[in-house]
Every structure is written in C-alpha cells, then in structure tokens.
Amino acid sequence: MMENRNVTAKVESILTEYPICQYGFLKSKEIVFSERVRYICETECERFGRSWSCPPAVGTVSACREFCTSYTYALLFTTLAEVTDLADMEETLATRIQHEKVVKEVCRKLAGLGEAYFALSSESCAICSSCAYPAPCRHPEYMLPCIESQGILVTDAAEKCGIEYFYDSNTVNWYGLIFFHRENPEE
C-alpha cells in the first residue's frame, strides 16, 4: 500500500493526462452530506426511483456517508464543454459522454495503482437507454452514480477546493468525485 502522503501526488500525476480543468483534494470526512440534497432528488428529478444510480436504490444518505467516508480522500474535478446554450438540455447532455470517459479513465489508472476507489459523476447513469431498475442492474461494474444521489453538497466541496462552480451560459462544468484510498482495503 502507498504511504498516505504519496497517494495524492500519484493521483495528481494521473490527472495531467486528461483534459481536467480544475481539481482539488479533500479528506472524505470534510464533505457535507445533506438530507436536503436528497429531498431535491426526490421532488425534482425524474430519475428518482427509476435508476440504480439514484435514490432510493443507492441507499440512505447516512449509509452513503458511511460508505464514502470509509475512503480517506476525495478528489473533486471538473471538465468543461462548450455549448451554444446551457438551457438546451439535449446539447448539454450530449457533452457528458466525454466527461464520463475521463472519470472512467482516472478510475482505471487508480485501479492500476492498486487503489480502492468509489466514483461519482455529474448525472444519473445513462449506460443503458432504459434502466433495468428495479430488476438487477445490467452493468453494475460500469455504473457511475450521481454525486447528488449520495446527498453530497457539491457546491460546498467545490468551494473548499477553490473550484469555480459556474462559468457562463455557454460552458458546461461537469463534475467528477472519486473517493479513494482505504487504510483497510478489505472494508
């Protein structure tokens, strides 16, 4: 296992290989988990109760907090995409594919270092055109749950990392959050 002080340096070297705009590291216990975030999922998101990557399938906020904080560190990062208008959801969501590739590649490199990780991304999983939920997930090994599905307050984490949350009406700011490094990898 890597020494703790070398872990973030090794992860940082991985990040230079990808089109990551901003990033920052936090101790996982610094991340704010909120029932209010989950309430927004429940009352405003059409994917609530329809996807394995969303509540209630991901578990309670308390269970999500416990699992996420079983990792020592969290890496929050952004990729950017240009669109003609952020309000055009079809155009905006089409740019997500490249971001998801970056998240998965960073995870692949972490695994190559022997690091346990748990990755989250900006939107509900969209691997399948229609989620199998509540039947078993067809591709659990590829699924990336949404950051907010865990009850995580992304704006707070971004602020702690000094990451800009919004640019302009033509720039999509996609977020990735990867929890990594366990003192006891068997957990």
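These notebook entries record what I looked up in one structure, which is a predicted model.

**Entry 1: the sheet**

I began with the strands, and I found four of them forming an open sheet in the order 1-2-4-3, with antiparallel pairing. At the edges I noted strand 1 (22-27) and strand 3 (117-121), each of which pairs on one side only. From one strand to the next, the twist averages 20°.

I then looked at how strand 4 is held on either side. Strand 2 and strand 4 pair in the antiparallel sense over 10 bridges, while five bridges join strand 3 to strand 4 (residues 171-180), and these two strands also run antiparallel. For single positions, I wrote down that Phe-77 has Gly-176 of strand 4 as its bridge partner, that Ser-121 also stands opposite Gly-176, and that Ala-119 stands opposite Ile-178 in strand 4.

**Entry 2: what covers strand 4**

How many residues of strand 4 are buried? I counted 10 of its 10 residues as buried, so that the strand is mostly covered, taking buried to mean under 20% relative accessible area. Thr-171, Asn-173, Tyr-175, Leu-177 and Phe-179 point one way from the strand, whereas Val-172, Trp-174, Gly-176, Ile-178 and Phe-180 point the other way, and all are buried.

I also looked for a helix packed on the sheet, and I found that helix 5 (residues 96-112) lies across strand 2 (73-82), strand 3 and strand 4, running at about 20° to strand 4.

**Entry 3: Thr-72 and His-181**

I next went to Thr-72, which lies in the loop between helix 3 (61-68) and strand 2. Is Thr-72 buried or exposed? Its relative accessibility is 18%, and because the limit for buried is under 20%, Thr-72 counts as buried. Leaving aside residues up to four places away in sequence, Thr-72 touches Leu-26, Lys-27, Ser-28, Phe-180, His-181, Arg-182 and Glu-183.

One of these contacts, His-181, made me look again at the backbone. His-181 lies in the segment after strand 4, and it has a positive phi of about 70° although it is not a glycine. I noted this because most residues other than glycine have a negative phi. His-181 is also buried, with a relative accessible area of 1%.

**Entry 4: cis peptide bonds**

Staying with the backbone, I looked for peptide bonds that are cis, because most peptide bonds are trans. The bond from Pro-55 to Pro-56 is cis, with omega near 0°, and Pro-56 is found in the loop between helix 2 and helix 3. The bond from Tyr-133 to Pro-134 is also cis, with omega near 10°, and Pro-134 sits in the loop between strand 3 and helix 6.

**Entry 5: salt bridges**

Side chains of opposite charge can pair when their charged atoms come close. I searched the whole structure for such pairs and found four salt bridges.

Which parts of the chain does the pair of Glu-17 and Lys-109 link? Glu-17 is in the loop between helix 1 (4-15) and strand 1, and Lys-109 is in helix 5, so the pair links distant parts of the chain, 92 residues apart. The closest N and O atoms of Glu-17 and Lys-109 are 2.5 Å apart. Glu-17 is partly exposed at 46% relative accessible area, and Lys-109 is partly exposed at 24%.

Helix 5 also holds a salt bridge between Glu-100 and Arg-96, with the closest N and O atoms 3.4 Å apart. Because Glu-100 and Arg-96 are four residues apart in helix 5, they are separated by about one helical turn. Glu-100 counts as buried at 12% relative accessibility, and Arg-96 is buried at 11%.

In helix 6 (residues 154-161) I found Lys-160 and Asp-156, which are four residues apart and so separated by about one helical turn. Their side chains meet in a salt bridge at 2.8 Å, N to O, and Lys-160 is partly exposed, with a relative accessible area of 40%.

**Entry 6: the largest pocket**

Rolling a probe the size of a water molecule over the atoms shows where empty space is left. In this model, the largest pocket holds about 630 Å³ of space. I found 24 residues lining the pocket, of which Cys-45, Ser-122, Glu-123, Ser-124 and Cys-146 lie nearest its centre.

Which helix supplies the largest share of the lining? The largest share, four residues, comes from helix 2, and helix 2 (35-44), helix 4 (89-94) and helix 6 each supply at least two residues of the lining.

Key:
Residues are numbered from 1 along each chain as its sequence is written. This is a predicted model: local features need pLDDT of at least 70, side-chain atom pairs count only at pLDDT 80 or more; totals for chains, interfaces and linings use all residues. Side-chain values use heavy atoms; hydrogens and water are left out. Two strands pair if DSSP finds at least two bridges between them. Axes are lines fitted to C-alpha atoms, for helices over the stretch in contact, and angles run from 0 to 180 degrees between N-to-C directions. Contact means heavy atoms within 4.5 Å. Buried means under 20% relative accessible area, exposed over 50%, partly exposed in between (1.4 Å probe, protein chains only). On a 1 Å grid over the protein atoms alone, a cavity is a set of points where a 1.4 Å probe fits but cannot get out, and a pocket is an open set with protein on both sides within 12 Å along at least five of seven lines; lining residues have an atom within 4 Å of a point. Grid points are joined across faces, edges and corners, and a volume is the space filled by probe spheres set on the points.
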